[in-house]
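This report describes a set of protein chains, their contacts and their internal architecture. Please consult the sequence and structure below while reading.

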Amino acid sequence: MSRPAFVESAGIEPMVIFLQNLVNALQWGSFYALIALGYSMVYSILMLFNFAHGDIFMVGSYIGFGVSMGLIALASSGVVALPNWLILVLTILFSMFLTSFVGMIVERVGYRPLRDAPRASAAITGLMIGIILETGNLALLGARRVSFPSLIETTTYNVSGVFVTNKKIMIVLVSLLLALALHQFVRRTKWGMAMRAMAFDFAVVPLMGVPLNTMAALTFALGSALAAAAGILFGVAYPVLDPYMGIVFGWKAFVAAILGGRGSVMGATLAGFLLGFTEIFVAMIFPSTLRDLIAYSIILLILAIRPHGFFGEPYSARLRL
Amino acid sequence: MRTRSLVGVFVLLGFLTFFPSGWVQAQTIKIGINAELTGDIPKVGEGTKFAAQMWLEDVKAAGGLAVGGKKYPVELVIEDNESKAESAVKAATKMITEDGVLVMVGPQASKQAVPAGGIANNYKTPMITPWSTNPDTTKDRPFVFRACFLDPFQGPVLANFITQEFKFTKAAVLYDVASDYPKGLAEFFKKAWEGLHGPGSVVAYESFTTKDTDFSSQLTKINNSGAQVLFTPQYYNEVALIVQQAHQLGWKKPIVGSDSWGSAETVSLCGKDCYGLFFSTHYAAAGATGATKAFIDRYQKKHGYVPDDVAALTWDAMLLVQKAIEDTGGLTGDLKKDRENVRSAMGRITKFKGITGEMTFSGGGDPSKCAVIVRISDKGQFEFYKSACP
Amino acid sequence: MGGERGNGANSERGRSRFRNLWKPYSRVPLLGWFFGALVAVTLERLAGTPLAQFLGLQKIPVLFGFSVMLKNPVLIPNVILYTLIIYGVPTAVATRLCIPLANGIAASLFRFPMAVTAAAHLALLYAILHVWAEISDYRVLVLRLTLIAVMLTLSLNVINGYMGEFSCSHPGFMALGAYCASVLTIGLFVNAQLLGTASLPAALGPFLFPVALILGGLVASFGALFVAIPSFRTRGDYLAIISLAFLFIVKSLIENLEFVRGPRGLSGQPDWADLPTVFLWTVLCVWSINNFVRSTIGKALNAVRDNEMAADAMTVDTRRTKMVAFLFGAFWAGVAGGLFAHVMRYVNPGNFGIQNLAEVLAMVYFGGLNSVYGSIVGAVSISLLGEALRPLEIFKWIIIPLLLILVMIFRPTGLIAFRDLDVANLLKPKPKPDGEG
């Protein structure tokens, strides 16, 4: 049993430790936030648990790996001069684009035929699609873990005892930027308005001329693109990819998405960060062996006190069984 | 119409009577491979399968396994245990009672090997697990063997090595609390370290959960604990992340690992960050000579990467099985008796020169073998540094 | 049937002949089918091995020959022939021949109280399973694990199907039951280190085993309070994540409990969960759950699922209903967990994770919501499929999910959903052809 870090840290101020963990939590929360956003979009608009989302994140990460390898090969062959940062940007954009198709295919195959079915059935299809994506990857690429190419050189800054890397800064900024972009999209554009309307009333809005299928495809495409971005940022921060990496992320993002409340971009983002903060700070204050135990007890407690998440309205829509 | 269909049935029956059927074939030796081909650790299963198949190639090239002056064809029964305990038990039961294997190799991970070992022991079928380090796997089970050393041996080896090499007195440990191998080794290391340097000398004892990828919070604690060295008995995929993140958080002191680092992927995933680090393992790929080198080269040529410790240990397990079968001096054809004979032959194996070191079974199922301390060189190769024997 | 020649009239005739062949079978009571099956399994027991060897199979194909067929496609006709000769034809013939007899016995049995009738049927069913499984230990193991899967699926169906929640905590309940029962049996009968008390004599064990299982179930029920109490104020998605958090908490708790040896797992459970024991518990579970969902409280569950507010207005005590359903479902999950631990004779917190959750959920939704039949069908078919497709290795986990997706697309509520299991109706004799033949 280890004692809390404060006690042991002779000569190191608690403030520094706190700030260091704040930095850590910001990075860790970014991933939860980005994945939870995609989860939350599908969940808000189609009222579905997209249990394949974690695996779309995995697929996005692998697509990002493929794209970046291709671009690196292109750059090193000397056909075009590509600096590394440009490769990263292009990788993110291309992979978001490609993964959005994966999302649309998943929607078309797994969810559209089940639109009038009980929600739980669609959840099961999602789970199964997830297993197919994992196993398919395993069968296709073998059991080898792949190492995501290091696109930007890591530079560590020491700000009076707090260690920050350029990667961390980039990850947090990019994910905040994407969350903000999505927020603006949902708030400002016609499509976004249609989405909000759908989240408000799933049954009536299609009758008002909003094309349901297009909207569903768009939702999945956007969610998957965000997952792909998360996948690449993940690859940059934790450069070890394996076919099963999406499972735990998927389920935890599920927690964050629902904690954030239905139909709330900001809610999902905040809940994602909150989950990251909880996990990091629990490990900081308590013995880290008890991390999951305490972190999820806190989540349970939050839900016992606020049964409808942070931004969700009291749950009234009954399950469509 | 009815007569015609009846005639049809009889013609089919008659045809089947002359069907070349399988019951008149020579007695084959079946070896079961119970591997984690899907699930959490597919890489482990792949290494197992590839090593076993390479062994089979050799045996086939030799025209079968010569036992007591007679050559028997060999067949592998490969089953996937999905990295699940119940699936491992089902696979073990199936290969023992249905396929009639003489020996079972695997499962690798203790989560599967402990329950499967129970099955093997119940049916009095010899089983050898190449990789499981949990003491329960072989405890009170005369029919279960392993090809690796145990945590109670490896922990002190590492504690002694760090003490002698660096003269450190304060260590930190980071391990996976949900996985039995790291947890076991972490505990034995802690015990050994505190035995050397007194209670409280393990200044940070931090953990995470399987599949975690962010260790920043734990590493921050370790950083601030005043530890001089970090010991992390993790699998290679986590090693890469832990080492990189530690460096990003300003850790500049040594990091030491255990045999689970012994994969080619450690370096390919971790890169320059891992250069110069030490770990204990079964064998050192870079300085390898003789049979070890031959195995590594062959494996690499065939599958495109340097085999990890699982593959090497599986290879040794296969050779141990071969030796045990050969030592029986002849198969009786009665599976039950043959299994007993193989079991006692295996228990008698002494000074077996495997590619992962010399092994001796002295009665029990656990071999006594030496550990090797390896340094990851500045070219990313595993260089022999030192060896420690029990 | 020799008549299929592509000729329209001929095939029509073939079809009508098939209908004629099938017609008598509509009068077969369940008992008759049991007789037929018993004949088939007895035949396999007596003549299976020689027949299998005659057909070029080395042994009796253990699970209807799926693995043989997948490993060696040349043997497919032989396996089919074997299955027909051993299972198909004898069952059909014996069932056909004993229709009057079976109806007679069923009718006389039917005059007794329901419990006696049911017990007689169950005894026959057990006899079939026993004879079938006696061929190989592998069958026994698969059967035991399948029966446990039936219990788990049923108990989850109470919460997810009848009450309409999406509970993710089932592996957690199972883990609580498994650990509690294991600690009791190991601590009391195997070694004294675990509980620190003197061991009870091992001879007492099998009698106290049910007590250990029930205690395991009760502990699981107690754990279910952590999910049931929040369910008063919320439901649906929020409850789903509460239950998921509960699962993570239980797993983490066990990993940190040193006295049950944390992630290293607990091994050495005595071998008491043999086939009769598991069968008996499964019967108890099916019986009690079937009665539960057909009782007023079961109907109240449906009411809560369909409209909680309306149910409340109709004087359904929603809190009590939810509480009872959660505790009841968790109890059986705990018992199933205890049995699982004693079949495996090893438990490890890693056994009760998300992978396990996905499997149980798949069984419930594949079989069918709100239906005892459905759960049995779902659990049995997925368990057996998982075994039968073993030779496919990795591709097994592509085929099974694909199959499930197809089922979900074509039957969104599962194979057999919303069907009551009416025991009386099931067991009744069928003396006259019902309706127009």
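## Backbone features and architecture of the chains

Glu82(B) lies in the loop between β4 and α3 (85–98) of chain B. This residue has a positive phi of about 55 degrees, although Glu82(B) is not a glycine. A second backbone feature concerns Gly106(B) and Pro107(B), which are joined by a cis peptide bond with an omega of about -5 degrees. Pro107(B) belongs to the loop between β5 and α4 of chain B. Most residues other than glycine have a negative phi, and most peptide bonds are trans.

The model is predicted. For chain B, the average pLDDT is 84, and 92% of the residues score at least 70. Over residues 13–25 of chain B, however, the pLDDT is below 50, and this stretch has 10 contacts in the model beyond near neighbours in sequence. Where pLDDT is low, the predicted coordinates should not be read in detail.

The parallel sheet of chain B is considered next. Five strands of chain B form an open sheet with parallel pairing, in the order β4-β1-β5-β6-β7. At its edges stand β4 (74–80) and β7 (144–146) of chain B, each with a single partner strand, so one side of each has no neighbour in the sheet. From one strand to the next, the twist averages 25 degrees. Strand β6 (residues 127–129) of chain B runs parallel to β7(B) and is joined to it by three bridges. Within this pair, Ile128(B) stands opposite Phe145(B) in β7(B). Helix α4 (residues 110–122) of chain B packs on the sheet, where it touches β1 (29–35), β5 (103–105), β6 and β7 of chain B; the direction of this helix makes about 165 degrees with that of β6(B).

Chain B also contains a sheet with mixed pairing. Seven strands form this open sheet in the order β9-β8-β10-β11-β12-β16-β17 (chain B). The edge positions are held by β9 and β17 (382–388) of chain B, each of which has a single partner strand, so one side of each is left without a neighbour in the sheet. Neighbouring strands are turned by 25 degrees against each other on average, direction ignored. Strand β8 (residues 171–176) of chain B and strand β10 (residues 229–231) of chain B run parallel and are joined by three bridges. Here Val173(B) stands opposite Phe231(B) in β10(B). Helix α7(B) packs on the sheet and touches β8, β9 and β10 of chain B, with a direction at about 180 degrees to that of β9(B).

The contacts between chains follow. Chain B places 34 residues in contact with 34 residues of chain A. On the side of chain B that touches chain A, two or more residues come from each of α2 (42–61), β9 (202–208), α7 (216–223), α8 (236–248) and α9 (264–270) of chain B. The most is given by β9(B), with six residues. The contact between chain C and chain A takes 39 residues from chain C and 42 residues from chain A. The elements of chain C that give two or more residues to its side are α10 (237–256), α15 (354–367) and α17 (396–410). The largest share, 12 residues, comes from α10(C).

Chain C is assigned two domains, domain 1 (8–134) and domain 2 (137–425). Their C-alpha centres lie 31 Å apart. The contact takes 14 residues from domain 1 of chain C and 15 residues from domain 2 of chain C. On the domain 1 side, α3 (66–71) and α6 (114–134) of chain C each supply at least two residues. The largest share of that side, eight residues, comes from α6(C).

The table gives the residue classes of three contact sides.

| Contact side | Nonpolar | Polar | Charged |
|---|---|---|---|
| Chain B, touching chain A | 10 residues | 16 residues | eight residues |
| Chain C, touching chain A | 27 residues | eight residues | four residues |
| Domain 1 of chain C, touching domain 2 of chain C | 11 residues | two residues | one residue |

Two packed helices are described by the angle between their axes and the distance between the axes. The axes of α6(C) and helix α7 (residues 137–162) of chain C come within 7 Å and cross at roughly 135 degrees. The two helices α6(C) and α7(C) are therefore oblique to each other. Leu129(C), Trp132(C) and Ala133(C) in α6(C) meet Arg139(C), Val140(C) and Leu143(C) in α7(C). By class, this contact has five nonpolar, no polar and one charged residues.

Terms used: Residues are numbered from 1 along each chain as its sequence is written. Chains are lettered from A and ligands numbered from 1 in the order in which they are written. This is a predicted model: local features need pLDDT of at least 70, side-chain atom pairs count only at pLDDT 80 or more; totals for chains, interfaces and linings use all residues. Two residues are in contact if their C-beta atoms, placed from the backbone, lie within 7 Å. Helices (H or I, at least four residues) and strands (E, at least two) are DSSP runs, numbered from the N terminus. Ala, Val, Leu, Ile, Met, Phe, Trp, Tyr, Cys and Pro count as nonpolar, Asp, Glu, Lys and Arg as charged, and the others, Gly among them, as polar. Domain bounds come from an automatic or database domain assignment. Axes are lines fitted to C-alpha atoms, for helices over the stretch in contact, and angles run from 0 to 180 degrees between N-to-C directions. Angles under 35 degrees count as roughly parallel, over 145 as roughly antiparallel, 65 to 115 as roughly perpendicular and the rest as oblique. pLDDT is the predictor's confidence in each residue, from 0 to 100. Two strands pair if DSSP finds at least two bridges between them.
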